[in-house]
Amino acid sequence: MAAFALSAAVTALAGGLWAGMIGFIAPSDFAFTRSIDLLAAVVAGGPGHILGPALAAAGIEGLHILFQP
């Protein structure tokens, strides 16, 4: 229960910072492919670790930037 509450608090903080930076949040900002990217980061980094998914997410985002048209 504590992990759920902590993750909800961190997510709320991140959402608030995102809204402040962007100025407007639309559902199209969070497409299904974005969810798959986050899931891939957890799978690639290992779900039992903290640093692994963070590094995997950075790597996946780096690949997105590298392969943009």
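This talk covers one pocket and one pair of helices in a predicted model.

Some ground rules to start. Residues are numbered from 1 along each chain as its sequence is written, and side-chain values use heavy atoms, with hydrogens and water left out. As the model is a prediction, local features need pLDDT of at least 70 and side-chain atom pairs pLDDT 80 or more, while totals for chains, interfaces and linings use all residues.

First, the helices. Helices here are DSSP runs of H or I, at least four residues, numbered from the N terminus. α2 and α3 pack at about 130°, their axes 7 Å apart; axes are lines fitted to C-alpha atoms over the stretch in contact, and angles run from 0 to 180 degrees between N-to-C directions. Angles under 35 degrees count as roughly parallel, over 145 as roughly antiparallel, 65 to 115 as roughly perpendicular and the rest as oblique, so α2 and α3 are oblique to each other. Contact means heavy atoms within 4.5 Å. On the α2 side the contact includes R34, D37 and A41, and on the α3 side it includes A57, I60 and E61.

Now the pocket, which is an open set of points on a 1 Å grid, where a 1.4 Å probe fits, with protein on both sides within 12 Å along at least five of seven lines; lining residues have an atom within 4 Å of a point. The largest one has a volume of about 290 Å³, volume being the space filled by probe spheres set on the points. Among its lining residues are W18, D29, F30, R34, D37, A41, A57, I60 and E61. α2 gives the largest share of that lining, 5 residues.

How values were computed:
Helices (H or I, at least four residues) and strands (E, at least two) are DSSP runs, numbered from the N terminus.
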